[in-house]
Amino acid sequence: MDHARRSQRRAAGLSRRDLIRIGAGLGAVVVTSPALAQAKAVFKASDVQPPGYPTVVATENLGKKLAAATNGRLSLQMFPSMQLGGEKETIEQTQIGAIQMLRVSAGSIGPIVDDINVVNMPFLFKNMAHAERMMDGPIGQELLDKITASPNAGLVALCWMNSGARSLYNTKHAIRTIADIKGLKFRVIGNPIFIDMMNALGGNGVAMGYDQVFSALQTGVIDGAENNPPSYVFSNHYTAAKHFSLTEHLIVPELLVFSKRAWSALAADDQTLIKKLAREAQMEERGLWNTYEQQAMEKAKAAGCEIIEIADKAPFQNAVKPVWDKYGPKYQDMIGRIQSA
């Protein structure tokens with residue numbers, strides 16, 4: 001049997017080292033014929049969110065469609081709930097090809113591909129409909145292409161996904177005015193824009209991985225965090241931080257990316273298929289998101305959380321002017337295009 005396998009490898013022009021290298025690039029790969037185009041691949045997909053979360057479900061469904069379209073030659077194995085690490089760790093694993101597909105926040109990509117930081121500016125979008133127009137249009141594709149073209153990223157950007165508006169929640173007291181933020185320690189994604197934003201609002205911005213937030217809220221390492229309603233509820237943050245204030249200071253889209261190292265080993269037809277299915281996943285996730293967000297708010301209210309509407313957001317918008325003064329000029333042209341979209 002071993003002799004036969006060695007003969008097959010010699011006939012295909014593949015050494016044992018070649019097969020190992022292919023496996024490192026594609027995940028669990030079994031070469032089923034001499035032609036690499038026939039290689040069978042199981043792609044690892046990662047998400048920090050739990051099973052049932054819109055981004056997780058949409059990615060899983062992408063995998064099912066991929067398996068059906070390729071008769072099982074290409075498939076996806078989903079690892080939700082931070083099983084493979086937080087966003088920072090999984091980005092690094094995707095860059096080296098240990099993870100092939102990753103759902104990640106644009107907030108975490110900004111420090112890697114600076115052009116993406118434009119969508120991380122506070123109060124950039126008027127509402128979700130405005131953000132969706134950006135994602136679906138030429139600006140959205142242009143920004144995806146900037147990630148793919150970046151020599152530092154090592155990623156292929158497939159599509160955007162909705163992530164709603166981010167608001168403040170904390171363990172101490174209701175935030176109704178900007179004065180209520182003063183002195184509170186808020187976890188933010190590890191991006192200088194977000195740290196400066198939180199400090200400008202009067203709080204103390206603490207960069208921290210998403211996987212650490214729940215325990216940090218429980219132990220008092222931080223007083224609060226900022227995120228969308230589903231993340232607040234379905235990561236159990238609402239059990240520790242009972243005050244949720246609808247500041248909606250950020251609308252930060254999500255990204256579905258693929259390891260460039262693994263992508264380069266795929267046939268062109270497979271790349272085209274994955275891009276097509278990713279765009280379908282983008283639209284599917286949006287519908288799932290709207291339902292999930294409503295369910296999250298209902299669950300938070302039923303648990304006795306205080307949901308605070310912010311009557312006047314102008315003081316919050318005015319407070320982050322230093323952030324716009326510091327970062328805005330760099331993205332001035334793109335900001336103008338987005339705001340007029």
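**Working through the fold: exercises**

D223 sits in the loop between α9 (213-219) and β9 (224-227). A few ground rules before the exercises: this is a predicted model, so local features need pLDDT of at least 70 and side-chain atom pairs count only at pLDDT 80 or more, while totals for chains, interfaces and linings use all residues. Residues are numbered from 1 along each chain as its sequence is written, and side-chain values use heavy atoms, with hydrogens and water left out.

**Exercise 1.** Decide whether D223 is buried or exposed, and list what it touches beyond its sequence neighbours.

*Solution.* Start with the elements: helices (H or I, at least four residues) and strands (E, at least two) are DSSP runs, numbered from the N terminus. Next, take the relative accessibility of D223, which is 7%. The cut-offs are under 20% relative accessible area for buried, over 50% for exposed, and partly exposed in between (1.4 Å probe, protein chains only). So D223 counts as buried. Finally, look for contacts, meaning heavy atoms within 4.5 Å. Leaving out neighbours within four places in sequence, D223 meets Y169, N170, T171, K172, G183, L184, K185 and L217.

**Exercise 2.** Check how confident the predictor is, and find the stretch where the pLDDT is below 50.

*Solution.* pLDDT is the predictor's confidence in each residue, from 0 to 100. The protein chain averages 91, with 89% of its residues at 70 or more. The stretch to flag is residues 1-36, where pLDDT is below 50. In the model, that stretch has 37 contacts beyond near neighbours in sequence.

**Exercise 3.** Sum up the protein chain: its helices and strands, its buried share and its surface.

*Solution.* Count the elements and you get 15 helices and 12 strands. Of the 341 residues, 52% count as buried. The exposed area is about 14,600 Å², and carbon and sulfur atoms supply 52% of it. (Accessible areas come from the Shrake-Rupley method with a 1.4 Å probe; for residues, only the protein chains shown count as cover.) As for range, take contacts between residues at least 6 apart in sequence: 72% of them join residues at least 24 apart.

**Exercise 4.** Work out how α6 and α12 run relative to each other, and which residues meet.

*Solution.* The axes are lines fitted to C-alpha atoms, for helices over the stretch in contact, and angles run from 0 to 180 degrees between N-to-C directions. For α6 (residues 128-136) and α12 (residues 268-302), the axes come within 12 Å and cross at roughly 170°. Now the cut-offs: under 35 degrees is roughly parallel, over 145 roughly antiparallel, 65 to 115 roughly perpendicular, and the rest oblique. So α6 and α12 are roughly antiparallel. The residues that meet are E132, M135 and D136 from α6 and R279, Q282, M283 and R286 from α12. By class that's two nonpolar, one polar and four charged. (Ala, Val, Leu, Ile, Met, Phe, Trp, Tyr, Cys and Pro count as nonpolar, Asp, Glu, Lys and Arg as charged, and the others, Gly among them, as polar.)

**Exercise 5.** Do likewise for α7 and α15, giving the angle, the residues and their classes.

*Solution.* Helix α7 (residues 138-149) and helix α15 (residues 332-339) pack at about 145°, with axes 10 Å apart. On the α7 side you'll find I139, E142 and L143, and on the α15 side M334, R337 and I338. They divide into four nonpolar, no polar and two charged residues.

**Exercise 6.** N71 and F123 both have positive phi without being glycine; sort them into buried or exposed.

*Solution.* N71 has a phi of about 55° and belongs to the loop between α3 (54-69) and β3 (74-79). Its relative accessible area is 77%, so N71 is exposed. F123 has phi near 60° and lies in the loop between α5 (106-109) and α6. At 18%, F123 is buried.

**Exercise 7.** Trace the surroundings of two loop isoleucines, I116 and I310.

*Solution.* I116 lies between α5 and α6 and is buried at 0% relative accessible area. Setting aside neighbours within four places, its contacts are A106, I109, G110, L143 and I147. I310 is in the loop between β12 (306-309) and α13 (314-319), buried at 9%. Its C-alpha is 6.0 Å from that of R176, which is 134 residues away in sequence. Beyond four places in sequence, I310 touches I175, R176, S245, L246, T247 and F316.
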